[in-house]
Structures are given as structure tokens and as C-alpha cells.
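Subject: Structure handover and findings

Dear colleague,

Please find below the structure for your records. My account of what was found in it follows directly after.

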Amino acid sequence: MTVHTTLEEAQNLPHGPQRLALVEEAVRQADLSGDGEAAYEARKELIYSANYAGQSEKMLVAFAWCRAYLDEHQAELGAWEQHGLAWYHKWVLIATHHFPQIPLERIQNLHRDYADRIRALGAGGGTVPYFELQLALHRGDVNGARTAFNIWQFARRDHLSDCPACEAQTIADYHEFTGDDAGCAAQVQRMLDRGMSCSHIPHSTHGMVLPALIRLGRWDEARRHHEQGRDLVAGDPDHVTAQARHLEYLSLTDLSAAQDWYARHVGWAERTTELDTRLDFHLAAALLFSGLRAAGRDTLTLTLPQDLPGHRPDGTYAAHERFEHHAGAARTLAQAFDARNGLPYHAHRLERILALADLPRPTPA
Amino acid sequence: MLRMTRSFAVDLRGLIDLLSEHLYAGPEVYVRELMQNGVDAIRARTDLGDAFSPALTFDVQEGRLTFTDNGVGLSPDDIHTFLATIGRSSKRGSVEFIGQFGIGLLACFLVSEEIELVSRSARGTPPVRWVGRADGSYTLLTGEDAGLPDGPVGTQITLRARPDRAAFLLPDRVAAWAAEYGALLPYPVTLGGAPLNATGAPWLDHSRGEEARRAATLAYGEALLNAPPLDFVDVNTHAGAVRGVAFILPWTPSLDARGHHRVYVRHMLLSEQEEQLTPRWAFFVKTVLDAGTLRPNAARDALRDDADLHAAREEIAGTLRDWLLRLAREQPGRLRELITLHYLSIKALAAEDDDFLTLFLPWLPFESSAGRQTLPELLERSDGELRFVADLNLYRQAAQLAAPGGPPVIHAVYTYDHTLLERYGALNPQVRVTRLSAADLVQDLAPPTPAERRATATLLAAAQDTLAPLDAGVRLSRFEPAALCAMAFPGAQRDLHRTRQAVGPSGGLWADLLDDLRDVSADTYAMDVHFNLNHPLVQRAAHLPDGPLLRRVLGMLYVQALLLGHHPLTARELELLNGGLLDLIGAALGDPDPSRPAPHLN
């Protein structure tokens with residue numbers, strides 16, 4: 001098989017590990033053939049497939065390769081290719097959030113480099129503050145988020161702006177971040193009413209809005225979003241955060257369904273190198289096991305993957321041990337992120353999530 | 001303070017253009033909208049308890065189309081209501097009959113400048129005649145006005161083709177569309193007197209006995225698929241009142257052919273490509289479903305995503321699952337046939353459903369170094385351990401190392417396989433399920449004995465010294481097949497290493513980013529090469545003193561291992577290969593000094 005037939009075969013697959021494996025095979029074939037341009041094309045596909053398979057560490061490596069290659073081969077690839085690669089460049093900025101080993105200064109330099117490059121392409125009025133907003137949301141930087149949000153809201157969209165659906169969801173994220181749960185829920189409703197969609201939306205949207213609805217006590221709506229969203233993200237390695245949101249919802253409404261959902265998703269969540277999504281899952285799992293303890297169910301039977309840390313062949317687990325494992329892992333990760341980000345934000349997330357259990361629950365139908 | 005209330009003057013033409021451009025698939029939807037209005041009117045009349053024989057009638061002559069239904073009809077008040085409703089709401093399904101009627105009627109402006117409607121209500125009000133024009137003006141006459149005959153109950157609509165849309169009012173095309181949209185209507189649809197439908201779904205026709213029903217349904221399926229279906233499953237849900245059938249496909253569907261199901265809402269075709277009502281994993285069937293109480297979206301091309309839809313899908317999933325379970329219980333031979341075509345679909349369900357997985361996994365095939373095998377077959381050959389690889393290149397190497405007759409390695413790159421194996425391991429802790437990494441493969445290679453270690457110390461040191469600059473670590477092992485001199489395995493972060501080299505020392509920001517990502521704890525070399533002490537060449541090399549010749553030999557063996565493992569060569573490795581070959585050719589041609597230093601190695 002040639003590079004191009006392998007790539008074609010991959011592009012006919014839905015996003016996920018199989019597609020990514022085929023694209024990696026295409027990269028290998030291209031490298032073997034020594035055809036630089038084919039290697040560039042295959043790695044661009046790798047950027048895309050890795051990004052949508054929840055393996056952005058591979059995306060970053062492929063992007064760095066493409067960036068260097070394009071800088072060296074501008075003439076052959078043509079001026080428009082700068083725009084082509086710039087479309088993928090934005091994912092790099094988001095991916096840096098996942099890895100606490102990347103220092104903040106590097107992230108800020110990457111933002112500057114991105115801004116310089118896309119301004120040179122005549123774009124970026126809205127996109128630059130948009131990604132600054134994303135970084136501020138990740139860091140828990142309230143003032144930074146407010147400033148970036150306001151600049152972004154008055155800026156014009158251009159050909160390198162993020163997709164309209166993703167931008168719309170970022171508005172919902174911002175409302176939730178500022179404590180405006182009702183605004184968050186209203187924005188999500190607007191998105192759904194307009195049928196906004198992309199590869200991530202509304203898959204992640206239904207999960208994203210759950211904590212806001214839970215805090216607002218709007219349990220009927222939460223149930224609807226859970227029912228509509230769970231099948232869209234179940235088993236998808238690119239949706240660990242949404243899986244975590246659904247786990248939180250289930251932990252508050254149906255402990256045995258929550259245990260099944262946990263058993264089905266904890267394997268990848270513990271393996272993913274995208275550590276902020278892993279943190280999301282640890283937090284949700286902590287809520288589940290604190291709920292089980294509170295319900296007096298300390299001894300549990302769970303069917304967990306064999307390579308899971310703390311796996312027991314007899315399938316019997318103690319809720320307090322699982323709680324300690326997840327809460328402890330969440331604290332360690334939160335600390336790593338806060339140390340990198342220079343703000344004490346993630347460290348408070350555990351108590352905030354556990355506090356969801358203290359809210360009034362839905363009255364049984 | 002002066003208060004004024006005015007209505008907006010709605011530009012109907014603009015609104016229609018918007019609708020046709022953004023809401024509707026194409027102008028032909030006017031046929032569907034006319035029929036939908038007729039169907040709704042007939043149901044409303046039935047609900048009144050009237051005894052009548054429902055029928056929808058088209059007549060097309062020279063660009064003039066007349067559509068007649070004998071439904072409930074419109075009273076003068078109804079006309080006023082729908083005029084007030086037109087354009088007010090586009091939310092189909094949440095508006096009552098009259099409101100929907102008006103919205104449906106609007107679609108006729110897609111093909112006609114003028115719509116003439118003559119109607120008499122079943123409620124006994126006088127007949128009405130309404131003529132609406134695309135510019136928004138209209139004339140309304142009621143029975144009290146002169147000239148309206150006291151016709152039968154029902155509604156007749158007349159359109160005249162816009163010059164640019166004449167093609168949409170050709171009799172053949174209207175007949176084809178009407179036949180498509182109304183194929184499942186339980187009463188006649190005719191054009192110029194000729195019937196367009198078979199009045200009802202064959203699977204609901206029990207009048208001639210079960211055998212006849214089955215035959216008629218399979219014939220429908222054959223026409224649908226252009227091939228006889230393997231079988232069909234009846235669908236009958238409580239939620240959404242869905243009736244229909246799922247035809248078992250006689251072929252394995254390609255990925256893009258999945259999820260194309262034919263769905264009707266209250267007997268009227270909604271979509272040929274509906275993908276929400278049938279569960280995602282069920283791509284071994286093509287369904288034809290008629291939803292009694294589910295709601296369409298505004299464009300009427302898909303179902304509205306709501307709780308009823310979800311509940312109906314759950315029921316359909318349950319029906320298909322039960323059918324598979326019954327097949328497994330009662331006709332295992334047929335299940336085996338089904339699995340050869342549809343194992344992917346069955347794996348997709350098993351990946352979501354533990355009970356189903358437990359029951360079906362023993363039947364499902366996996367690719368392995370021992371060929372296509374089921375899990376029980378694989379387990380028989382592997383001492384209760386299932387070993388799998390989820391990376392293509394690594395699988396190639398693992399398969400190379402897997403001894404014939406020894407424990408096989410499963411190729412779990414395909415969608416679902418990894419999930420299934422992980423769940424299988426979770427449910428069956430007595431079976432070890434191991435995902436192999438390069439490091440695991442390496443562990444299977446036998447390390448040298450202490451005596452061998454002493455005898456090969458020079459070889460190892462020379463190899464390490466030679467290959468470290470190429471970012472390759474070296475080990476000496478014994479492994480089969482003995483014909484392999486050396487095997488090279490990618491390190492966990494090979495791509496990162498290689499890219500870091502490609503970005504170069506002057507890479508700045510990107511080089512720094514890659515350095516950040518480098519996991520120092522897990523980091524070794526880009527490649528690990530194992531020289532095989534079972535191989536005579538390696539054994540002979542172990543007797544050579546350290547020097548240019550030994551280093552050249554080791555370099556060449558390393559590159560050969562890369563080539564055998566289908567690993568891409570870096571520029572330096574390629575240079576090593578070329579230099580080595582030239583040296584060998586030189587030596588063969590009687591080079592005066594075959595052991596001269598090879599500059600590319602130092």
C-alpha cells in the first residue's frame with residue numbers, strides 16, 4: 001500500500017484509535033519512501049487524527065515536524081499552505097493546557113508565536129484573544145478571562161477563527177467560569193436550538209452543561225441532557241471530560257449506573273496522557289466513591305480493566321480506597337497544574353465537585 | 001404619549017426563498033407538503049368520526065397541478081387562522097393542524113406564483129375559495145359570496161408552474177415523488193386515476209396469513225436492497241409508536257453506507273438516511289420504520305432529538321438484541337453465517353453491553369499471528385493469557401517473533417477489538433489480558449548467560465559506542481528465528497526523538513516544546529536493537545577485536561534490522577548504509593585496505 005491509499009483508507013474511518021494507527025502507518029510509509037512532501041501530508045493528517053483521538057501528545061510532535069518542514073520548504077508547498085497549517089496551529093495552543101510539564105512561559109511564547117504568524121496571514125483579531133481566553137479559563141485567571149472575553153466579543157470572525165459551534169460553547173464555558181450558571185444553561189439551549197454542530201458539538205455540550213443545571217436544581221433538564229449526550233460520548237477516547245460530567249450526574253442520581261459508567265471509562269481515563277482530562281475524571285470518580293461511602297456501600301463489586309492501578313482479580317473493592325486513589329491523584333495533578341499556571345485554581349476543584357453532593361437532590365418521580 | 005401598533009409587512013417572496021435555500025432540500029418538497037396537509041386533514045376527519053374512504057388525488061396537465069384530499073376541509077375561520085399563522089412559526093410539530101397547514105402550503109410557492117385553494121369543511125360551514133400570491137396578496141371568497149359550488153368535503157389545491165420551475169410539475173416526476181413520499185399510506189394516492197401506492201405496509205398486512213406476509217415483506221426488502229435480505233425482524237415500539245421492519249443485510253456494509261435508514265412519520269416519508277432511530281451499532285440491518293408519534297424537525301428531513309426518540313431507539317435496540325440472542329439459542333448455524341458477514345456490528349454492540357459480550361464473544365473472530373481465530377481458539381493455544389498489540393508496526397514485529405505453535409499475538413488495531421479485550425479481561429479476571437508494548441516483546445528474548453556476557457563484553461561495548469550517536473540502545477539476546485541477525489524496536493518516544501532531531505538544534509520554541517514533552521523517566525533511546533547471539537554472524541563478530549571493521553559490521557547489522565522491521569531510516573542511518581555498502585564493494589574488488597576507518601562511524 002502506498003502512503004496515499006493508506007491515508008485514504010484512514011480518512012474513511014471515524015475518528016479513533018484505528019484511524020490514528022493507520023495514519024501513523026502512513027507516516028511510517030512516507031518516511032520510508034523518503035518523500036518529504038508525502039511525509040508532510042501524512043503528518044498533517046496525524047495532527048488531525050491524533051487531536052480527535054484524545055492523543056494530543058502525538059499531535060504536538062507532528063505539528064512541530066510540519067512547522068519546521070514548512071518553514072524550510074515554503075516555495076514548494078506554496079503560500080496558501082501557511083493558511084492550511086495555521087488552521088491546525090490553534091490546536092497546539094489548547095493541547096499545551098493538557099501537559100503540566102510545559103512551563104507557562106513556553107505556553108505564552110507559543111501564543112505569541114501563533115499571534116505573529118496568523119497576523120502575518122491577515123487574521124487573528126478575534127482568534128488571538130479567543131485563545132487567550134481559553135488559557136485564562138484553564139488557569140483560573142478571572143481578570144485575564146474577563147479582559148480576553150471582552151476583546152474577543154468585539155472582534156470580527158475571520159477565516160482562521162475557531163468553528164462557530166466551538167466558539168458558542170466557549171461562551172457557555174465562560175459563563176460557568178464566572179459563576180453564571182443560568183447564563184451557561186441559556187447559551188447551551190441557544191446552541192441546541194440553532195442546531196449548532198461540529199465534530200465535538202453537541203457531543204460534549206450535553207455533558208458540559210450538567211454541573212450548571214445541577215447547581216441550579218434543574219434536574220429535569222439535566223436528565224434530558226444526560227440522556228441525549230451519553231451515547232454520543234460513551235467509549236470515545238476524545239471525550240473523557242464529557243464522560244466525567246456524565247459520571248458526576250450519575251453519581252448524584254443513580255449510583256449503580258454510575259458504577260457501570262465508571263467501569264467502562266476509567267481504563268482510558270487512567271491511561272490518557274492528556275492530564276487535565278484525566279484530572280476531570282479523577283474528580284468525578286472521587287464524587288462517585290464519596291457518594292457510595294455516604295450511602296453505606298463501602299464494599300463493591302466492580303469489573304475493572306486488568307491494567308488499572310489497584311486492580312483486584314476478585315473484583316472486590318473498598319469505596320474508601322477508590323476514593324483515596326482518585327482524590328489523591330486529583331490533588332497531585334491539580335498541584336502540578338497550579339504550580340505550572342501560577343494560580344491556585346485546580347486545587348479547589350475537588351471540594352467544589354464534592355459539594356455537588358450537598359445540594360438538594362431531585363425528588364423521585 | 002402616542003402609541004402605534006403596526007404589523008411588519010412580510011416579504012413573502014423573500015421568506016420563501018429563504019425557506020427553499022436553508023430549510024428544504026429542494027423545490028420538490030412541495031409535493032410532500034401538499035400530501036402531508038392532505039394526510040393531516042384525513043386524520044382530522046377520521047377523528048371526527050366521519051365514515052368516508054380517504055384518498056389523495058393528483059392531476060397534472062400542462063403545467064397545472066391539482067391536488068385533492070377528502071379530509072376535514074377548511075372553514076372560513078380556519079382560513080383566517082392559517083393566514084395569521086403563516087410565517088409566524090417554523091416549529092413543525094409544535095403547531096396545531098391549521099398552523100402546520102399554512103406552513104406546508106407556503107412550500108407551494110417554491111414552484112408556483114399563485115396557489116388556489118377551494119375547500120369545504122366537514123363541520124358544515126360554507127365552502128371557501130382562497131387565492132394567494134407570492135407577493136403576499138390574496139383574495140378570499142366564501143360561500144356567501146357568489147359563484148362557489150357546494151362541492152364535496154375536502155380541499156383542492158391548484159398550482160401553475162413558475163416558468164423556471166416547470167420541470168417540477170411534470171406528471172412523471174410528480175408521480176415518482178408522490179409514490180416515494182406516500183408509499184406506506186394506508187389509502188390510495190393516485191395521479192390521473194393511476195394508483196401510486198400499494199395502500200399500506202406489507203408487514204402489517206396479516207389478512208392473507210403469516211406466510212404471505214413474510215413473502216411480501218421479503219419482496220419489499222429485495223426491492224429496497226436490490227438483493228434478497230437474509231431475513232427481517234419486526235419492530236413495534238411503545239414509545240413513539242414505531243412500526244416497521246429491520247432487514248438483515250446480505251452483505252457487509254461499508255462505513256459510509258451505515259445508518260441510512262428509511263423512516264416515515266405517520267405514513268409519510270421523512271428520510272431515506274435517518275440515523276437516530278436505529279441504534280448506531282445495528283449496521284447489520286437496514287430499517288424501514290413508520291413512527292406514529294415521533295416528531296420531525298423543522299426541515300422535515302430528520303426526527304427531533306427528544307426523550308421519545310431515545311426511548312424508541314432503546315426499544316428497537318432491545319428488539320434487535322433479543323433477535324440475536326434467540327438466533328444464538330435456536331439456530332446457532334445461522335448465527336455463524338450472520339457473524340461471517342456482520343461480526344463488526346455484533347462487536348459494536350458487545351463493546352457497549354457486557355451481558356451480550358459474555359454471550360457472543362466466544363463466536364467472534366480476531367486477527368492474530370495464528371490467523372483469524374475466536375477467543376476460545378486463541379486461549380487454547382496460549383495458556384490462559386491473551387496477548388494483544390494495538391500498533392501496526394509493533395504487531396508486525398510481534399508476529400515475526402511469535403513462534404509457530406506458540407502463544408499467538410492478537411492484532412487489536414481494529415475498532416472495538418481493544419475495547420472488547422479490555423472488557424473481556426475485566427469480566428474474566430482468571431484470564432490474563434495483556435497489551436504488549438515493545439518492552440514486553442523484548443522481555444521475551446532470552447538474555448545472555450553470565451559466561452556469554454563475559455565473552456561478548458567487547459562486542460557489546462563496541463556496539464553501544466557505535467550506535468549511541470545514532471540514538472540507538474544495544475542489547476545482546478538469544479531469540480528465534482535464528483535467521484534474524486538483529487531486531488530493532490522503537491523506543492516509547494521514538495517519534496519525539498526523531499522530530500527533535502529534524503527540528504534541529506536551532507529549532508528554538510518548537511525544540512523547547514519537544515524537550516518539555518520528553519518524559520525523562522521513561523526515556524532511553526529512539527530505537528533499541530537486539531543482536532541475536534543465536535546467529536552465526538553475530539557469534540563470529542563476537543570474536544573480532546574492537547576496531548573499524550567490527551564497528552562497520554555492527555552499524556550495517558543495525559541498519560539491516562531497521563530495514564527488516566520496516567523502520568524509516570534517518571539521514572545518518574542512510575549514510576551509514578551507503579558508506580558500508582561502498583566499503584563492502586571496495587573490499588570485494590580487492591580494496592588494498594578493507595579495514596580502513598569508516599569515517600561515517602566516527
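How many residue pairs are in polar contact across the interface of chain B and chain A? The model is a predicted one, and the rule finds 15 such pairs there, both residues of each being at pLDDT 80 or more.

The side of chain B that touches chain A draws at least two residues from each of several elements of chain B, namely the helices α7 (307–330), α11 (392–401), α12 (417–427), α16 (494–503) and α17 (509–517), together with the strand β18 (432–435). Of these, α17(B) gives the most, with seven residues. Sorted by class, that side of chain B holds 19 nonpolar, 14 charged and nine polar residues.

As to the extent of the interface, 42 residues of chain B are in contact with 40 residues of chain A. The size of an interface is often expressed as the accessible area that is lost when the parts come together. For chain B and chain A the buried area is about 3,700 Å², and carbon and sulfur atoms give 57% of that area.

Salt bridges were also examined. Six are found by the rule across the interface of chain B and chain A. In one salt bridge, Glu422(B) is paired with Arg271(A), and the closest N and O atoms are 3.1 Å apart.

A separate item concerns the surface of chain B. Leu581(B), Leu582(B), Leu584(B), Ile585(B) and Leu589(B) make a nonpolar surface patch of about 540 Å². One of these residues, Leu584(B), lies in helix α20 of chain B, which covers residues 571–588.

Finally, some points of backbone geometry should be recorded. Most peptide bonds are trans, and most residues other than glycine have a negative phi. The following entries depart from that pattern:

- The peptide bond from Ile201(A) to Pro202(A) is cis, with omega near 10 degrees. Pro202(A) is located in the loop between α11 (181–193) and α12 (203–208) of chain A.
- The peptide bond from Glu480(B) to Pro481(B) is likewise cis, omega being near 0 degrees. Pro481(B) belongs to the loop between β19 (472–477) and β20 (486–490) of chain B.
- Asn226(B), a residue other than glycine, has a positive phi, near 60 degrees. The loop that holds Asn226(B) runs between α6 (210–225) and β9 (231–236) of chain B.

With kind regards

Notes: Residues are numbered from 1 along each chain as its sequence is written. Chains are lettered from A and ligands numbered from 1 in the order in which they are written. This is a predicted model: local features need pLDDT of at least 70, side-chain atom pairs count only at pLDDT 80 or more; totals for chains, interfaces and linings use all residues. Side-chain values use heavy atoms; hydrogens and water are left out. Patches are made of residues with over 30% relative accessible area and no salt bridge: like charges are joined within 9 Å, nonpolar side chains (Val, Leu, Ile, Met, Phe, Trp, Tyr) within 5 Å. Accessible areas come from the Shrake-Rupley method with a 1.4 Å probe; for residues, only the protein chains shown count as cover. A salt bridge is a side-chain nitrogen of Lys or Arg within 4 Å of a carboxyl oxygen of Asp or Glu. Helices (H or I, at least four residues) and strands (E, at least two) are DSSP runs, numbered from the N terminus. Contact means heavy atoms within 4.5 Å. Buried area is the accessible area (1.4 Å probe) that two parts lose on being put together, summed over both. A polar contact is a pair of N or O atoms within 3.5 Å; within protein, one must be able to donate a hydrogen and the other to accept it, and residues adjacent in sequence count only if both atoms are side-chain atoms. Ala, Val, Leu, Ile, Met, Phe, Trp, Tyr, Cys and Pro count as nonpolar, Asp, Glu, Lys and Arg as charged, and the others, Gly among them, as polar.
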